[in-house]
Amino acid sequence: MTNHLSQALTHWFENKDQTQWVLGTIYKTEKSAYRKAGAMMLIDGFGQQYGLLSGGCLEADIKLNAKRVMQTGKSLLLTYDSQDEDDLAFQIGIGCGGVVHIILQPITAENDLGLSDLREALNNRRGGVYRQLIADKQAPEATFDFNGPLQNFDIAQRSTLETQEGAEWLVTQIRPDPHLLIVGGGPDAMPVVEMAKRLGWYVSLVDPRAANARKEFFASADVIGREMGAELTQYAHESRIDAVVLMAHSVSLDAQALKDLHQVESLKYLALLGPRHRHDTVLDEAGINWQDAIVPISGPAGLDIGGDLPEAIALSILSECHAALHGRTATSLSKTL
């Protein structure tokens, strides 16, 4: 099952003429909810879903209602209230304690709801603004604007409801999947690549050493390269790299990559594997000051979660990276209550 929007859209696009399709979107939540406004799911005529709008407890009912939408060709508004004893959400024991409002919109050959444009943007690593008319039992309306203004946003607060000429619209900022660049293609990079791909990220890997970063070991990596220096800097700028992990296990290679990448404007996370004294050695070798970097250099990379095997280290690094990409503190949720 595909949960990431870009992958779901690719699957829809490749099969859009084979069956009917419905787009499900959360347009409002109250109190606690598994997912927030702007979350999307695609449902096909075979009852297959691509994406999630809850922890899995609402999807069966959503798919039943999607069949009605396919038959009528009209949008349908649904509300699931886990506090109402007469509501399905309460009866099946949803534990979030909140209310979820969902719109189901039919996708047709005549009106694909702007999803082709949205897919093209994401495939080209571009974002934009998606607008959906929130109206019950009406012909669906939705558009995607490549040039819509994008602001910094929390992933859980990327959508707003706006009233335009008496109609209510959900306005959602869409960004491409995060792009992670890993420098170093040794065995410990393998779980970093695999976990990042499971998160739905775009992953590039670079290592100038012929024995490393081989396709047979990193089959899921999107790009594998050998070039460093000006070529790597140009690639990082043009590809709008979001995060970099330096793990070449070579002071000279990590230092070269740090020189190449530390001022890429799109960076939100820059990490260096190894102990603190090695961090200082790499900076000295690179001839740069930590203050010269676009973002703070995380060194040692990762969160202090324990474990010394590659999988635990990968989890540690990607957890810190994920928090940085979403503007979070990586604090235990129990301490935020």
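**Exercise 1. How do the axes of helix 1 (residues 5-15) and helix 4 (residues 115-123) cross, and within what distance do they come?**

Before we start: this is a predicted model, in which local features need pLDDT of at least 70 and side-chain atom pairs count only at pLDDT 80 or more, while totals for chains, interfaces and linings use all residues. Residues are numbered from 1 along each chain as its sequence is written, and side-chain values use heavy atoms, leaving out hydrogens and water.

Step 1. Take helices as DSSP runs (H or I, at least four residues), numbered from the N terminus. Fit axes to C-alpha atoms over the stretch in contact, with angles from 0 to 180 degrees between N-to-C directions.

Step 2. The two axes come within 10 Å and cross at roughly 125°.

Step 3. Angles under 35 degrees count as roughly parallel, over 145 as roughly antiparallel, 65 to 115 as roughly perpendicular and the rest as oblique. Helix 1 and helix 4 are therefore oblique to each other.

**Exercise 2. Find the residues through which helix 1 and helix 4 touch.**

Step 1. Look for contacts (heavy atoms within 4.5 Å).

Step 2. On helix 1 you should find Leu5, Ser6, Leu9, Thr10, Trp12 and Phe13; their partners on helix 4 are Leu115, Ser116, Leu118, Arg119, Leu122 and Asn123.

**Exercise 3. Describe how helix 7 meets helix 8.**

Step 1. The axes of helix 7 (residues 251-261) and helix 8 (residues 276-286) come within 8 Å, crossing at roughly 60°.

Step 2. Val251, Ser252, Asp254, Ala255, Leu258 and Lys259 of helix 7 meet Arg278, Thr281, Val282, Leu283, Glu285 and Ala286 of helix 8.

Definitions and conventions: Helices (H or I, at least four residues) and strands (E, at least two) are DSSP runs, numbered from the N terminus.
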